[in-house]
Amino acid sequence: MSINSKQSIKCPKCAQLTEITAWSSITADDSPDLKADLLSRRINIFKCEACSHIALLPSPLLYHDKEKKLLISFTPCNDNTMASQLFDNIKKTSKESGELKNYEDYNLRFVTGYDELLEKILIFDNGYHDKVIEVLKVLILMQEPDKADGRVAVFGKTDANALEFLIRDNKENQFYTSKIPLDSYNTISEQLLKSGVKYRSFDWELINLDYGAGLLRGINNVF
Ligand SMILES: [Zn+2]
């Protein structure tokens with residue numbers, strides 16, 4: 001079920017009050033329009049009526065795709081320490097309430113960035129799995145290890161033969177694209193499976209580049 005509330009938000013720049021609909025829950029199967037709005041960054045984004053200042057609402061959002069068995073808990077947060085506390089909290093709360101029983105065979109994700117939320121939706125919509133994607137990102141970034149620190153890789157798009165990643169180099173302020181053959185995706189996917197990685201969740205999971213690096217270390221003997 002998709003849930004919203006009306007909120008009056010004071011612009012952080014000019015103090016003008018703007019009324020906005022804040023969404024706390026979106027179920028993609030029931031609300032395709034809302035999902036489309038989310039993917040075009042129109043959900044929980046505040047735009048000031050007076051000065052056009054744009055900002056993300058600090059409100060959490062739960063994204064649910066019943067068909068794909070995907071549940072993403074998004075809490076906006078830029079601070080790593082705070083993010084790991086929030087992650088611990090959601091695991092604790094879910095354990096206490098026993099609600100995870102309703103999500104067997106699901107992929108449960110915790111994210112703190114809007115871009116990250118949209119990327120996860122895109123990955124699963126295209127029939128891929130983010131655990132494999134994060135490993136591929138590590139492999140892409142390791143092609144130029146001395147530049148890896150300043151770079152961010154994001155899943156972009158896909159066709160029948162390849163997956164395309166967008167690479168942002170924050171130091172050089174440049175964008176690149178990098179293509180990975182679908183065969184490589186499938187090979188990594190099988191290797192991960194053999195090494196015991198599950199393509200479903202037993203609890204909330206934080207699947208990011210660090211997670212991908214950890215998986216790669218686990219299957220490193222095959223490379
Ligand atoms: Zn304003």
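Let me begin with a convention: two strands are said to pair if DSSP finds at least two bridges between them, and the helices (H or I, at least four residues) and strands (E, at least two) are themselves DSSP runs, numbered from the N terminus. By that convention strand β5, residues 61-65, is joined by 5 bridges to β6, and the two run antiparallel.

Before going further, I should say that this is a predicted model, in which local features need pLDDT of at least 70 and side-chain atom pairs count only at pLDDT 80 or more, while totals for chains, interfaces and linings use all residues. Residues are numbered from 1 along each chain as its sequence is written.

Now the overall picture. The protein has 6 helices and 10 strands, and its C-alpha trace spans about 55 × 45 × 35 Å along the principal axes. The radius of gyration, taken over C-alpha atoms, is 19 Å, which agrees with the value near 17 Å that a compact globule of 223 residues would have, the globule rule being 2.2 Å times the number of residues to the power 0.38. Of the 223 residues, 21% count as buried, where buried stands for 20 or more other C-beta atoms within 10 Å of the residue's own, exposed for 12 or fewer, and partly exposed for anything in between, with C-beta atoms placed from the backbone. Among contacts between residues at least 6 apart in sequence, 55% join residues at least 24 apart, a contact being two C-beta atoms, placed from the backbone, that lie within 7 Å.

Let me return to β6. How many of the residues of this strand, 70-74, are buried? The count is 5 of 5, with L70, I72 and F74 on one side and L71 and S73 on the other, so that both faces are covered. In general, the side chains of a regular strand alternate between the two faces of the sheet. On the β5 side, D65 stands opposite L70, and the hairpin that β5 and β6 form has 4 residues between the strands, with K69 in the turn showing a positive phi of about 50 degrees. A further 5 bridges join β6 to β7, residues 107-111, and this pairing is parallel, with S73 standing opposite F110.

Helix α2 completes a right-handed β-α-β unit with β6 and β7; right-handed here says that, with the strands pointing away from the viewer, the path from the first strand over the helix to the second runs clockwise. Two residues of this helix deserve mention. K95, in α2 at residues 80-97, is exposed because it has 12 other C-beta atoms within 10 Å. D88, also placed in α2, is exposed with 12 other C-beta atoms within 10 Å, and its C-alpha atom is separated by 24 Å from that of K66, 22 residues away along the chain.

Finally, the other sheet I want to show is an open one of 3 strands in the order β8-β9-β10, with antiparallel pairing. Because β8 (151-158) and β10 (174-181) stand at the edges with a single partner strand each, one side of each is left without a neighbour in the sheet. Neighbouring strands are turned by 25 degrees against each other on average, direction ignored. Strand β9, residues 162-169, is joined to β10 by 8 bridges, and F165 has S178 as its bridge partner in β10. Across β8, β9 and β10 lies helix α4, residues 130-141, running at about 125 degrees to β8; axes are lines fitted to C-alpha atoms, for helices over the stretch in contact, and angles run from 0 to 180 degrees between N-to-C directions.
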